[in-house]
Amino acid sequence: MIKLNNAGLLLDSCPVDGEWSHARSGQTMAVVNAATGEKIADVPLMGQAETRQAIAAAEAAQQEWKQQTAAERAKILHRWASLMHDNSDDLARLITLEGGKPLAEARGEITYAASFISWFAEEAKRVDGVLLQPTSADRRFIVTKQPVGVCAAITPWNFPAAMITRKVAPALAAGCAIIVKPAEQTPLTALALAKLAECAGLPAGLLQVLTGDAKEIGGELCRNATVRKLSFTGSTQTGRLLMAQCAPTIKKLSLELGGNAPVIVFDDADLDLAVQGIMASKFRNSGQTCVCANRIYVQSGIYPALCAELVQAVEALKVGNGLEEGVTQGPLINEQAIEKVERHIHDALEKGATLLTGGHKHPLGGNFFSPTVVANVTQQMSFAREETFGPVAALFKFETDAEVVNYANDTEFGLAAYIFTRDAKRQWQIPEALEYGMVGVNTGLISSEVAPFGGMKQSGLGREGSRFGIDEYLEMKYVCVNL
Ligand code: ADP
């Protein structure tokens with residue numbers, strides 16, 4: 001079974017109402033190794049009753065937490081981040097086992113995840129109010145910010161640690177309590193993070209984790225009026241459903257949903273840099289991130305050279321179990337993910353696209369897929385409409401700037417976009433014309449705790465990280481004093 005340096009980080013119970021608990025029904029759900037399909041653990045299958053209990057406990061705990069000074073809250077958060085660094089090897093191992101990403105990427109995720117905790121520990125100290133100019137001499141207009149109260153987070157499997165800390169850290173920093181429902185594929189990382197928060201001195205009830213039935217737990221979190229805010233990262237389809245479920249209680253919402261990221265490579269681009277950027281953005285986590293390049297638009301002059309260099313880079317990737325040295329591409333999360341990739345490739349080839357490399361399941365079997373490049377893709381193919389979420393680079397050819405901006409914006413999504421050009425005018429004008437929340441210019445890596453992460457259109461609501469991210473967990477209050 002799993003061997004960790006700190007055996008206490010492998011948990012089969014959930015922190016609810018101050019206890020590490022099992023489901024009342026006694027039922028559990030299995031967690032499997034993404035690379036081998038073997039069962040690695042069982043976690044509680046919790047439902048509505050446990051969710052209600054957690055909400056009540058969160059409400060009570062938050063009353064005290066919000067009275068603490070920002071500096072006191074920050075101290076605990078810094079200790080938590082530091083414990084994550086100390087246990088980075090174990091946490092990374094858990095991520096690789098249950099989620100499949102290569103160990104080096106998993107270690108990178110832990111650093112990234114902890115960065116949100118340190119960042120928001122400091123941002124807590126900068127939650128300021130203002131005194132506005134009154135409209136008459138005997139009045140004072142005061143604006144303050146207060147924690148929203150009890151929050152809920154529903155998180156995905158592709159970043160089992162970072163998508164939790166990016167929500168939990170600002171919530172705790174702001175003085176809120178938060179209940180996390182992690183993805184069913186990756187609950188072990190979530191439980192280990194909660195254990196470390198407890199070791200850091202976080203009082204009980206402020207960070208609770210509920211593993212189990214998504215519909216039951218999610219349904220209660222959305223319906224319950226005590227929960228004032230929901231932060232969700234996942235598919236647009238589930239986001240729509242949760243938004244509708246939150247409508248009756250008018251909850252504050254943050255939604256980080258699907259993307260369909262365009263990469264635009266202009267003729268004047270630095271070819272090596274563009275290929276490097278595409279590789280970083282497209283093949284991270286085997287293409288399973290919401291900011292992964294989905295449509296690669298290449299101007300006709302540079303098209304043949306880019307195709308050749310990209311194929312070479314893709315063929316150098318090493319597919320395998322993420323625990324093995326040198327592996328750069330882990331398995332996809334499940335069979336449906338493989339089916340979607342196969343469907344998109346099949347659709348494109350049927351409509352006239354050309355397969356340059358890959359295009360099939362990897363000889364390793366299981367959920368491994370060979371990194372693929374498809375050329376001559378057009379706007380009529382599934383690649384243009386849907387997020388593939390797999391290791392396939394789909395190359396489109398274009399001629400003019402106006403044409404490619406139209407193509408890039410022709411989607412209901414608007415999360416991340418990337419452009420590669422040496423032309424200073426394009427570096428300003430194209431990002432301005434793109435309807436995306438984030439644009440990378442000459443880079444395929446844009447995420448950072450310092451910058452606001454989030455999308456436009458049906459990619460979501462709100463921003464995470466950065467100095468703006470804490471506002472999602474604060475309410476503004478205006479006090480008018482008549483002297
Ligand atoms: P994916 O298809 O990539 O797994 P989802 O949006 O379905 O993306 O999953 C993201 C998160 O949303 C997971 O934690 C999942 O359990 C949760 N989820 C899925 N469906 C529901 C639902 N009906 N209610 C609450 N949570 C849900």
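**Domains**

I began with the spacing of the two domains in this predicted model, and found that the centres of domain 1 and domain 2, taken over C-alpha atoms, are separated by 32 Å. The domain assignment I worked from gives domain 1 as 7-257 + 459-482 and domain 2 as 261-441. I then looked at the contact between them, to which domain 1 gives 15 residues and domain 2 gives 18 residues. On the side of domain 1 that touches domain 2, I noted that α4 supplies the largest share, 3 residues, and that by class this side holds 6 nonpolar, 6 polar and 3 charged residues.

**Helix α4**

Since α4 had come up at the contact, I checked the helix itself. I found that α4 has 21 residues and reaches 30 Å from its first C-alpha to its last, close to the 30 Å expected at 1.5 Å a residue. I also recorded that α4 is mostly covered, with 15 of its 21 residues buried.

**Helix α3**

I next turned to α3, which runs over residues 88-99, and asked how far apart its end C-alpha atoms are. They are 16 Å apart, which agrees with the 16 Å that its 12 residues should span at 1.5 Å a residue. I counted 10 of the 12 residues of α3 as buried, so this helix is largely enclosed by the rest of the structure. The buried residues include Asp90, Arg93 and Glu98, as well as Leu91, Leu94, Ile95 and Leu97. Looking for what covers them, I found that the covering elements include the strands β3 (28-32) and β4 (39-44) and the helices α2 (70-86), α4 (103-123) and α6 (187-199). I also noted that the residue following α3 is Gly100, whose phi is positive, near 95°.

**His85**

In helix α2, I picked out His85 and asked whether this residue is buried or exposed. I entered His85 as exposed, because 12 other C-beta atoms lie within 10 Å and a residue with 12 or fewer counts as exposed. I also compared its position with that of Glu315: the two are 230 residues apart in sequence and, C-alpha to C-alpha, 34 Å apart in space.

**Glu256**

I looked up the UniProt annotations and found Glu256 listed for "active site" in an unreviewed entry. In the model, Glu256 lies in strand β11, residues 252-256. I marked Glu256 as buried because 28 other C-beta atoms lie within 10 Å, against a cut-off of 20 or more. Leaving out residues up to four places away in sequence, I found that Glu256 touches Thr233, Cys290, Gly454, Gly460 and Glu464.

The UniProt annotation "domain: Aldehyde dehydrogenase", again from an unreviewed entry, covers residues 20-479. I noted that the end C-alpha atoms of this span lie 42 Å apart, and that the span is 39% helix and 21% strand.

**Ligand shell**

Last, I asked which residues are closest to the ligand. Of the 13 residues that surround the ligand, the closest are Ala214, Gly218, Gly234, Ser235 and Thr238. The elements that give two or more residues to this shell are α7 (214-223) and α8 (236-246), and the largest share, 3 residues, comes from α7. By class, I divided the shell into 5 nonpolar, 5 polar and 3 charged residues.

Technical notes
Residues numbered from 1 in each chain as written. Predicted model: local features only at pLDDT ≥ 70, side-chain atom pairs only at ≥ 80, totals over all residues. Helix = DSSP H or I, 4+ residues; strand = E, 2+ residues; numbered from the N terminus. Expected span 1.5 Å × (residues − 1). Contact = placed C-beta atoms within 7 Å. Near = placed C-beta within 6 Å. Nonpolar A, V, L, I, M, F, W, Y, C, P; charged D, E, K, R; others polar. Domains from an automatic or database assignment. UniProt positions renumbered as here; feature names shortened; annotations may be inferred.
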